[in-house]
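Please walk through this chain from its overall layout down to single residues. The sequence and the model are shown first, and the explanation follows.

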Amino acid sequence: MALVACKGASSSSFTHQLKKFDVFLSFKGEDTRFGFISHLYNALCQRGINTFIDDNLQRGEEISVGLLKVIESSRISIIVFSENYASSKWCLDELAKIVECRKKYQLVLPVFYNIDPSEVRNQKGKFGEALSKHEEKLNDYKVQSWREALFEAANISGWHYKQKYVFNDNYCTFYEFHWFVMITDFIVK
């Protein structure tokens, strides 16, 4: 597993230091990594915002204690909810930790990427289907904690990104650029 942060942090350095990050990005890689997340990450780094992104997580692994500490040591978490976000136990564990940290004054900014916020809040559609599948395999307490975290995060004022075409990893349109400027400006202020 490779973990990446701008300003030179690496997977070995973050486990041994209490380095603070400005932003932690939580996202489902298959939905957003090559496009939205890569452009957002670059925009944040270009503005000097020390951003943590986990890169190339191994499927099936448990969320690490080190990654939970990175979430705790971040000032802001940006959660990019997308179609398959709730299908990932890893994403849901990150989300639960982020919501816990919000209670300790961490700023949480949700982005609803081609998904209606009410689908997340009410756990309908793909979110409801994914949670039902988790309930078949996991204990009720774990899934209930994820449901509560989804509900809480979906009720936070954020951004609703609705675009019909797919991002190109090499460039972004003016519309997309405007999104990244809007998010980074909000964080810098």
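Helices and strands here are runs assigned by DSSP, a helix having at least four residues and a strand at least two, and they are numbered from the N terminus. The model is a predicted one. Its chain holds 8 helices and 6 strands. Read from the N terminus, these elements come in the order β-α-β-α-β-α-β-α-β-α-α-α-β-α. The chain has 189 residues, and 50% of them count as buried.

A good place to start is strand β2, residues 21-27. Of its 7 residues, 6 are buried, so β2 is largely enclosed by the rest of the structure. Two strands pair with β2. One is β4, residues 74-81, which runs parallel to β2 and is joined to it by 6 bridges. Within this pairing, Phe21 stands opposite Ser74 of β4, and Phe24 stands opposite Ser77 of β4. The other is β3, residues 51-55, which also runs parallel to β2 and is joined to it by 2 bridges. Here Val23 has Thr51 of β3 as its bridge partner. Between β2 and β3 the chain passes through helix α2, residues 29-46, and this β-α-β crossover is right-handed.

Helix α2 contains Phe36. The relative accessibility of Phe36 is 1%, and it therefore counts as buried, the limit for that class being under 20%. Phe36 can also be set beside a residue from another part of the sequence: Trp179 is 143 residues away along the chain, yet the C-alpha atoms of the two are separated by 9.8 Å.

Next comes β4, the strand that pairs with β2 over 6 bridges. Of the 8 residues of β4, 7 are buried, so this strand too is largely enclosed by the rest of the structure. β4 also pairs with β5, again in the parallel sense, over 6 bridges. In that pairing the bridge partner of Ile78 is Leu109 of β5. Together with α4, the strands β4 and β5 make a right-handed β-α-β unit.

What lies at the nonpolar interior? In soluble globular proteins, nonpolar side chains tend to be buried together. The largest nonpolar core of this model has 31 residues, and those touching the most other members are Ile79, Phe81, Leu95, Val120, Phe127 and Leu150. At least two residues of this core come from each of β2, α3 (65-72), β4, α4, β5 (107-113), α6 (125-137) and α7. Helix α4 supplies the largest share, with 7 residues.

Helices α4 and α7 appear again at the second largest pocket. The volume of this pocket is about 270 Å³. Its lining is made of 14 residues, and Ala96, Lys97, Glu100, Ser145 and Ala149 are those nearest the centre. The elements that contribute two or more residues to the lining are α4 (89-102) and α7 (140-154). Of the elements, α7 gives the most, with 7 residues. Sorted by class, the lining has 7 charged, 6 nonpolar and 1 polar residues.

Two loop residues remain to be described for their backbone angles. Most residues other than glycine have a negative phi. Tyr105, in the loop between α4 and β5, has a positive phi near 80° and is not a glycine. With a relative accessibility of 78%, Tyr105 counts as exposed, because that class begins over 50%. Asn114 is likewise not a glycine and has a positive phi, of about 55°. Asn114 lies in the loop between β5 and α5 (117-121). The relative accessible area of Asn114 is 36%, so this residue is partly exposed.

To retrace the path, β2 is joined in parallel to β4 and to β3, and β4 is in turn paired in parallel with β5. Helix α2 makes the crossover from β2 to β3, while α4 belongs to the unit with β4 and β5. Helix α4 also gives the largest share of the largest nonpolar core, and α7 gives the most to the lining of the second largest pocket.

Definitions and conventions: Residues are numbered from 1 along each chain as its sequence is written. This is a predicted model: local features need pLDDT of at least 70, side-chain atom pairs count only at pLDDT 80 or more; totals for chains, interfaces and linings use all residues. Side-chain values use heavy atoms; hydrogens and water are left out. On a 1 Å grid over the protein atoms alone, a cavity is a set of points where a 1.4 Å probe fits but cannot get out, and a pocket is an open set with protein on both sides within 12 Å along at least five of seven lines; lining residues have an atom within 4 Å of a point. Grid points are joined across faces, edges and corners, and a volume is the space filled by probe spheres set on the points. Ala, Val, Leu, Ile, Met, Phe, Trp, Tyr, Cys and Pro count as nonpolar, Asp, Glu, Lys and Arg as charged, and the others, Gly among them, as polar. Buried means under 20% relative accessible area, exposed over 50%, partly exposed in between (1.4 Å probe, protein chains only). Two strands pair if DSSP finds at least two bridges between them. A crossover is right-handed if, with the strands pointing away from the viewer, the path from the first strand over the helix to the second runs clockwise. A nonpolar core is a set of buried Ala, Val, Leu, Ile, Met, Phe, Trp, Tyr and Cys residues joined through side-chain atoms within 4.5 Å.
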